[in-house]
Amino acid sequence: QVQLVESGGGLVQAGGSLRLSCAASGRIVRMNDMGWYRQAPGKQRELVASISSGGSTNYSDSVKGRFTISRDNAKNTVYLQMDSLKPEDTAVYYCNADLTLLFRRGDYWGQGTQVTVSS
């Protein structure tokens with residue numbers, strides 16, 4: 001059974017910082033591309049940032065220069081450092097991972113963590 005468990009969400013004032021973590025567990029052979037998505041009320045889920053197995057990163061224009069995605073393959077964990085937060089960053093943040101397991105490869109999602117930025 002593969003699980004992605006997110007942590008680090010919460011309430012913060014505008015201009016503040018939060019660090020999200022997503023730990024993958026299970027019979028994981030390899031973590032491939034990983035990413036963070038978010039979904040605000042009444043809006044579609046959108047990609048915030050992604051990181052390849054080789055460490056190449058990609059960011060949405062709305063967070064570029066403020067958010068940093070990183071990964072620790074030894075811990076099967078991906079992080080999202082969020083600085084200079086804005087009220088429009090308020091959303092549920094989801095971790096996504098392309099994982100190679102013992103007998104299959106698949107796309108997995110975490111349960112989501114709420115980030116609320118007050119003005």
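Patches are made of residues with over 30% relative accessible area and no salt bridge; nonpolar side chains (Val, Leu, Ile, Met, Phe, Trp, Tyr) are joined within 5 Å, like charges within 9 Å. A salt bridge is a side-chain nitrogen of Lys or Arg within 4 Å of a carboxyl oxygen of Asp or Glu. Accessible areas come from the Shrake-Rupley method with a 1.4 Å probe, and for residues only the protein chains shown count as cover.

The model is predicted: local features need pLDDT of at least 70, side-chain atom pairs count only at pLDDT 80 or more, and totals for chains, interfaces and linings use all residues. Residues are numbered from 1 along each chain as its sequence is written, and side-chain values use heavy atoms, with hydrogens and water left out.

**Exercise 1. Find the residues that make the nonpolar surface patch, and place L102.**

Step 1. V29, L102 and F103 make the patch, of about 380 Å².
Step 2. L102 lies in the loop between β9 and β10 (105-109). Strands are DSSP runs of E, at least two residues long, numbered from the N terminus.
Step 3. L102 has a relative accessible area of 49%, so it is partly exposed. The classes are buried under 20%, exposed over 50%, and partly exposed in between (1.4 Å probe, protein chains only).

**Exercise 2. Describe the largest nonpolar core.**

Step 1. Know the term: a nonpolar core is a set of buried Ala, Val, Leu, Ile, Met, Phe, Trp, Tyr and Cys residues joined through side-chain atoms within 4.5 Å.
Step 2. This core has 32 residues, and W36, L80, M82, Y93 and L99 touch the most other members.
Step 3. Strands that each supply at least two core residues include β3 (18-25), β4 (28-39) and β9 (91-101).
Step 4. β9 gives the largest share, six residues.

**Exercise 3. Find the rings that lie under the charged ends of R19 and R45.**

Step 1. Apply the test: NZ of Lys or CZ of Arg is within 6 Å of the ring centre and within 35 degrees of the ring normal.
Step 2. R19 sits over Y79, 4.1 Å from the ring centre.
Step 3. R45 sits over Y94, 3.7 Å from the ring centre.

**Exercise 4. Explore the loop between β7 and β8 through K75 and N76.**

Step 1. K75 is in this loop. Its relative accessible area is 55%, so K75 is exposed.
Step 2. The C-alpha atoms of K75 and A23 are separated by 7.4 Å, although these residues are 52 apart along the chain.
Step 3. N76 is in this loop too. Phi of N76 is positive, near 50°.
Step 4. Most residues other than glycine have a negative phi.

Definitions and conventions:
Helix = DSSP H or I, 4+ residues; strand = E, 2+ residues; numbered from the N terminus.
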